[in-house]
Amino acid sequence: MSTVYNKKYFTDLLEKLVLPLKEHYSEECANLYLGHTGAAFEDRTIPMEGFSRVLWGLVPLWVGGENIEDFSEIYAKGLSAGTNPNSKEYWGGFRNYDQKFVEIAAIAYGLLLAPDKLWEPLDDNVKKNLADFLLLSNSYEVSDNNWRLFPVLVNLALKSLSQPYDQHLIDFGLERLDSYYLGNGWYKDGVTEQRDYYIPFALHFYSLIYAKVCLKSDPERSALYKERAAEFAKQYIYWFDDKGRALVYGRSLTYRFAQAAFWSACIYADVPVFSHGIIKGIIVRHFEEWFSHPITDNGGVLTIGYRYTNLHMSESYNSPGSPYWSLKAFILLALPGNHPFWQAEPLPFPLFDQYQTVLQSEAQLIIQHSGNAVTALTPGRLHYINHVHVSEKYCKFAYSSEFGFSVPRSNKFFNQSGADSTLSFEIDGYIFTRRLSLKISVKENSLFSLWSPFKGIKVETTLIPIEGGHIRRHKVTSDYDCIARDAGFSVSCVDGAECTSFESNGVVTVKNNFSFCSVESTTGGTPEVVSFHPNTSLVYQKTATPFVSYKIKKGITELETIVKY
């Protein structure tokens with residue numbers, strides 16, 4: 001019997017994710033304890049993060065007229081305890097750049113959209129504590145990036161409840177958002193060069209909530225944010241393949257199906273871009289793909305990782321509750337039961353019946369789309385940002401919805417380095433890769449970067465897309481002799497994949513029963529295969545990676561590697 005993708009289908013998915021959490025709330029329900037790993041922020045904020053992030057899914061469920069067991073009561077009780085200075089479960093005050101600013105945005109989301117569940121049931125003392133707690137956050141600094149929109153949500157919520165609020169912070173946050181805008185729907189995330197999922201699941205997501213809530217009070221801005229989202233949708237669709245997978249690229253990938261939150265927000269905010277059937281197809285395929293992987297533990301709790309539990313790839317700010325940011329994708333549940341989206345049939349992509357390349361200049365990417373897979377070629381970054389494995393998440397040559405990418409266990413041995421899809425150098429027993437680009441150029445059919453893996457070595461790399469792969473041309477200027485390895489994608493060798501590798505006429509190939517990657521050199525390199533350590537890849541627990549080994553001599557060496565997939 002075929003699946004019916006109606007509102008109940010999505011409600012059941014959310015229930016599957018939320019019900020296992022019920023036994024993990026604290027006595028007064030203000031904290032949610034899901035694990036014992038640490039994060040960069042205060043330990044006392046970790047269970048508060050778990051509590052708040054579930055609201056990204058519960059709030060639209062309530063708005064749409066549904067509930068899950070006792071969760072509305074749990075959250076009203078938890079808000080009472082968490083914001084009461086006399087409670088043992090009080091969340092505490094704030095400091096500049098506090099992680100709690102992220103989490104109160106979810107609470108504000110609930111107060112703004114579902115006050116009947118999170119505000120009206122509270123007595124006057126509890127309401128005052130809650131409003132005072134949120135208002136107190138206005139006295140502290142937030143990061144100059146997507147965080148600027150957290151005070152916007154908080155003060156919009158306070159305003160909607162006729163509580164004291166700061167209109168200046170609403171206006172200032174929206175002015176900062178406008179200053180980040182680059183064109184063609186793209187923002188930058190504050191002062192950084194990052195172009196990643198924070199654009200769709202943060203900047204666009206929050207601005208579309210604003211566009212919906214403030215449609216009458218601020219029609220000009222609301223229209224502008226919807227126009228930008230419509231432009232971005234025409235670009236962002238290329239980040240998804242027809243199997244439902246999204247490009248594996250950038251940080252915060254443990255948020256998993258938050259990758260689809262933008263599409264859900266477009267439906268929620270009535271953004272005129274693609275038909276309901278096309279967007280529904282993207283969302284349905286995405287959810288079905290994600291739920292086919294072991295993304296929860298044996299108790300049904302989402303884990304830190306990507307397609308499986310993996311702390312190696314996590315950010316310093318990821319705590320056990322962090323993955324529930326993914327519930328942003330359920331904003332579509334706020335749609336009424338008679339909305340045409342629920343009756344629409346999921347449709348295939350409108351675009352991808354053949355191979356295409358698309359230059360996304362604002363994102364500094366060339367996207368290759370073959371329908372069943374997405375590959376993005378990148379020139380790397382122009383500045384340092386202090387995130388875990390930032391080089392691996394932004395500075396490899398290519399990223400893929402099929403192969404993902406790997407992160408290192410160490411840089412002491414090549415098979416621990418996770419140096420797939422990049423040119424690495426072995427110097428004095430250590431492995432070095434592209435960490436930063438000193439200069440880049442992005443053109444329609446090529447990407448150029450100037451970079452240095454190590455003092456005394458300069459590399460000029462040009463990436464050229466070709467159908468079914470890409471060409472890498474490197475000009476290496478070195479002060480000493482060393483070894484360089486130009487690696488392709490890491491191919492799955494998990495049980496059942498039937499993974500094999502072979503070399504023929506200078507071409508080394510790793511293949512399984514659903515994918516392959518091959519590399520060859522036109523400049524005399526030696527083809528080889530490496531099995532990086534288990535759990536270095538974000539998508540497959542075991543992999544094998546084809547690469548070409550080059551001997552670099554002091555002076556100038558020119559290399560050319562062809563990678564196919």
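This report looks at one helix and two pockets. The structure is a predicted model.

**Helix α8**

Helix α8 covers residues 149-160. Its 12 residues, at 1.5 Å a residue, should span 16 Å, and the end C-alpha atoms are 16 Å apart, which agrees. The helix is mostly covered, with 10 of its 12 residues buried. Buried here means under 20% relative accessible area. The buried set begins with Leu149, Phe150, Pro151, Val152 and Leu153. It also holds Val154, Asn155, Leu156, Ala157 and Leu158.

What covers these buried residues? The cover includes α5 (100-113) and α7 (124-136). It also includes α9 (167-179) and α10 (198-213). After α8 comes Ser162, with a positive phi near 60°.

**The two pockets**

The table sets out the volume and lining of each pocket.

| Pocket | Volume | Lining residues by class |
|---|---|---|
| Largest pocket | about 620 Å³ | 12 nonpolar, 11 polar, five charged residues |
| Second largest pocket | about 270 Å³ | seven nonpolar, eight polar, three charged residues |

Which residues lie closest to the centre of the largest pocket? They are Ser143, Trp147, Arg251, Tyr317 and His387, out of 28 that line the largest pocket.

The second largest pocket has 18 lining residues. Nearest its centre lie Ser370, Asn372, Ala373, Phe403 and Tyr565. Two elements, β4 (365-369) and β5 (374-377), each give two or more residues to the lining of the second largest pocket.

Definitions and conventions: Residues numbered from 1 in each chain as written. Predicted model: local features only at pLDDT ≥ 70, side-chain atom pairs only at ≥ 80, totals over all residues. Heavy atoms only, no water. Helix = DSSP H or I, 4+ residues; strand = E, 2+ residues; numbered from the N terminus. Expected span 1.5 Å × (residues − 1). Buried < 20%, exposed > 50% of the residue type's maximum accessible area, 1.4 Å probe, protein only. Contact = heavy atoms within 4.5 Å. 1 Å grid on protein atoms, 1.4 Å probe; cavity = no way out; pocket = protein on both sides within 12 Å on 5 of 7 lines; lining within 4 Å. Points joined across faces, edges and corners; volume = space filled by probe spheres on them. Nonpolar A, V, L, I, M, F, W, Y, C, P; charged D, E, K, R; others polar.
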